Amino acid sequence: MKKPIIIISFLGIVIVLMLILRISLVNSISTTGITLVNIQSKIASYKRENELLKVAYLQSASYATIGKEARKLGYVPVTSEIDLSAPLPLALAK
Amino acid sequence: MSWRYRFTLLFFLLFFALIIMRLFYWQVVRAQELSAIGQAQYDQQVVSEAQRGEIKTSDGFSIAADKLAYLVYINPKVVKNKDSESDALGKLLDIKSATVSALLSLNKFWVPIKSSVDNNVKEKISAKNLPGVGFEEQTVRYYPEASMAAQLLGFVGKDARGNDQGYFGLEGYYDRQLSGKNGYAIVVHDASGHPILAKMNNSTVKVDGRDLVLHIDRRIQYMLDTELKKGISAYGAKSGMAAVMDPKTGAILAMSSFPDFDPSHYQNYPDSTYINPFITDTYEPGSTFKPLIMSAAMNAGLIQPNTQCDICSGPVPIGGYQLHTWNDHYFPNTSMTDVIVHSDNTGMVFVGEKLGLDRMLDYMQKFGIGDMTGIDLQGEEAPGLRAKDQWHPIDLATASFGQGIVVTPMELLDAVDAIANNGKRMQPQIVAAVQTPDGQTISIPPKEINQPISATTAQVMSQIMVDAADEGEASFARIKGYNIAGKTGTASIPVAGHYDPTKTIASYVGFGPAENPRFAMLVVLNQPSSSIYGAETAAPVFYAVAKDILMYYGIPPSE
């Protein structure tokens, strides 16, 4: 008579433990959706910032902007050039 | 069997029959519809939009890229003070407040007000906390250099289904490479609408568009744009175009034409400005065509640079017409070098007669006249050559000095490029390489089309063109110390069966330095009003750009 009681008790304990395990697992997984949404929104905001910075860089580095700024600062196009002829090597010059 | 028993049996039979019927209704009759509703509750199709590839100049700068923008919308039902809100939105979005007010009067929950709104404007609107106003993210094409090389780039519009599509120029020609492919995925949601961390059922994977790296040198493009715009304004031309090419590879370093448009706001410009005239417009090249015919005759061994013209002492009669020089000055027994230097039409008639129709047509075809160059841009045109039986003696004579024959500027530049490149004609190329999203770079090698003339003929012709540049009509504009090969062109425009003497297409074609050409360039001005001659209009523009290029490349003077 003792054996069936032990087996039944053991099975009962296993079932309870499995239930606890399942509940804890479900509990931990249940919040991952929210975490996932948070991560996704963070990624989206970084991407957005990146895009905006890229556009700001392109805008500032464009020749259209540089030309305009250069004119404001009083720069003028180079119209003359200076050529420096390299001196002959000493041995040849002598 | 008692009646009670029978009644109970019947009741249960009917009850089960009803259940089976109901189940049949749900499971079979409305199965598809209910399955779709259920699917919609926990599944959501997510479109992962492919990013359109960027277009970069040779220095790696993106001259066409995607940019984040916003669609501003409003829910009119929550707006209380319509007048003040429409005023505020009108000012910030640069639209009439009456238009906004009309939109606010609509009996709808969602009304779009303006799309492609910049982040700065969006921030200003957000700061005002206007009731009912919302924003939807969009991706729009952005061109940081505004209208620089606009006709070369083309623009991105919408197709019939509302998807992005490239039109004209590179955006059109390379649309499939640039656009990539959208990806679609099914995301499973829980009862609260949060995504469940589970494997997504990917139906298709997103493939981003490829980037294009151009041969276009942004600095040369800027110089060309600036000088051409200046030239058009200074000489009162109706329009103008120009391109710079690397003679050895066929790489297009810059291409410009005016009037142009801003690809970001293409809707605000006439359709005619979208077309790149350098590859589509046909015109009579005039004297810029002479070096091709002269080099053909020299290559065929029919003339030498010192061959004397025995018909150049006065106007040449052909088929009832008298062919004159451009200034009615005649040089008896002039040499072939001087024919090019003085841009002598009668001398070219002499060369044309020596060459004959068959050989002239053969050489024209070898130089690519009448054919498309194969440049990688959308919309290239080829005017074609007339059939051999439609050529009369007068046509042969006028074609020898570039009248009565039509070319596109691209064709002419590519043909003259062969003289600069030891007789080898290269295929013009805009794109140097294609970059895949995974970082691979696929280079596009230069392509030699053919060799219309020998290297020796090309070198002799180059020297003749240097003489023409140094001693010809445009010699005042030459850059001292440098051997630049050049030829002016002043072509009359045919109007209603005759040439209008007051309207011309002024041009200048050349390359330099002649001993080791680093650039070949063609400048074309349409109907300049200050002077009708190429020497006085297109040539100064050519030399202004040439000087900038020589300084930019750091090329020392030849002399």
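Reader: Which pattern does chain A follow when it is read along the sequence?

Author: This is a predicted model, and in it chain A follows the pattern α-α-α-α. Chain A has four helices and zero strands. Of its 94 residues, 4% are buried.

Reader: How many residues does each chain bring to the contact between chain A and chain B?

Author: The size of an interface is often given as the accessible area lost when the parts come together. Here one may instead count residues: 18 come from chain A and 21 from chain B. On the side of chain A that touches chain B, α2 (32-61) and α3 (63-72) each supply at least two residues. The largest share of that side, twelve residues, comes from α2(A). Sorted by class, the side of chain A that touches chain B has ten nonpolar, four polar and four charged residues.

Reader: I turn now to chain B. What is the order of the strands in its open sheet of five strands?

Author: The order is β12-β11-β21-β20-β19 (chain B), and the pairing is antiparallel. An edge strand pairs on one side only, and in this sheet the edge strands are β12 (252-258) and β19 (485-495) of chain B. On average, neighbouring strands of the sheet are turned by 10 degrees against each other, direction ignored. One pair may serve as an example: strand β11 (residues 239-245) of chain B joins β12(B) through six bridges, in the antiparallel sense. Within this pair, B:M245 has B:I252 in β12(B) as its bridge partner.

Reader: Which strands of chain B does helix α16 lie across?

Author: Helix α16 (residues 455-471) of chain B lies across β19 and β20 (498-512) of that chain, and runs at about 75 degrees to β19(B). Helix α17 (residues 538-553) of chain B also packs on the sheet, where it touches β19, β20 and β21 (519-526) of chain B. The direction of α17(B) makes about 150 degrees with that of β21(B).

Reader: Which residues touch the most other members of the largest nonpolar core?

Author: In soluble globular proteins, nonpolar side chains tend to be buried together. The largest nonpolar core in this model holds 137 residues, and those touching the most other members are B:A243, B:I293, B:M521, B:V523 and B:F542. Helix α17(B) gives the most to this core, with ten residues. If residues up to four places away in sequence are left out, the contacts of B:M521 include B:A243, B:F511, B:F542 and B:V545. A second, separate core has twelve residues, among them B:A69, B:V100, B:I113 and B:V117.

Reader: How should one read the packing of two helices, and at what angle do α13 and α14 of chain B pack?

Author: One reads the angle, the distance between axes, the handedness and the residues that meet. Helix α13 (residues 345-366) and helix α14 (residues 393-400) of chain B pack at about 115 degrees, with their axes 8 Å apart. The crossing of α13(B) past α14(B) is right-handed. Residues of α13(B) including B:M348, B:V351 and B:L357 meet residues of α14(B) including B:L396 and B:A399. The contact of these two helices has eight nonpolar, two polar and no charged residues.

Reader: Which side chains of strand β7 of chain B are buried?

Author: In a regular strand the side chains alternate between the two faces of the sheet. Along β7 (residues 164-167) of chain B, B:D164 and B:G166 point to one face and are buried, whereas B:Q165 and B:Y167 point to the other and are not. Strand β6 (residues 155-158) of chain B runs antiparallel to β7(B), and four bridges join them. One of the partnerships links B:G157 with B:Q165. In the hairpin of these strands, with five residues between them, B:G162 takes a positive phi near 85 degrees.

Reader: Which residue in the loop between α3 and α4 of chain B deserves a look at its backbone?

Author: That residue is B:D94, in the loop between α3 (82-93) and α4 of chain B. Its phi is positive, about 60 degrees, although B:D94 is not a glycine. B:D94 is exposed because 9 other C-beta atoms lie within 10 Å, and the cut-off for exposed is 12 or fewer.

Reader: Where is a cis peptide bond found beside B:P259?

Author: The cis bond joins B:F258 and B:P259, with omega about 5 degrees. B:P259 is in the loop between β12 and α10 (277-280) of chain B.

Note on methods:
Residues numbered from 1 in each chain as written. Chains lettered and ligands numbered in written order. Predicted model: local features only at pLDDT ≥ 70, side-chain atom pairs only at ≥ 80, totals over all residues. Contact = placed C-beta atoms within 7 Å. Nonpolar A, V, L, I, M, F, W, Y, C, P; charged D, E, K, R; others polar. Axes fitted to C-alpha atoms, helices over the stretch in contact; angles between N-to-C directions. Left-handed = near helix turned anticlockwise from the far one by under 90°. Pairing = 2+ DSSP bridges. Core = buried A, V, L, I, M, F, W, Y, C linked by C-beta atoms within 7 Å. Buried ≥ 20, exposed ≤ 12 C-beta atoms within 10 Å, placed from the backbone.
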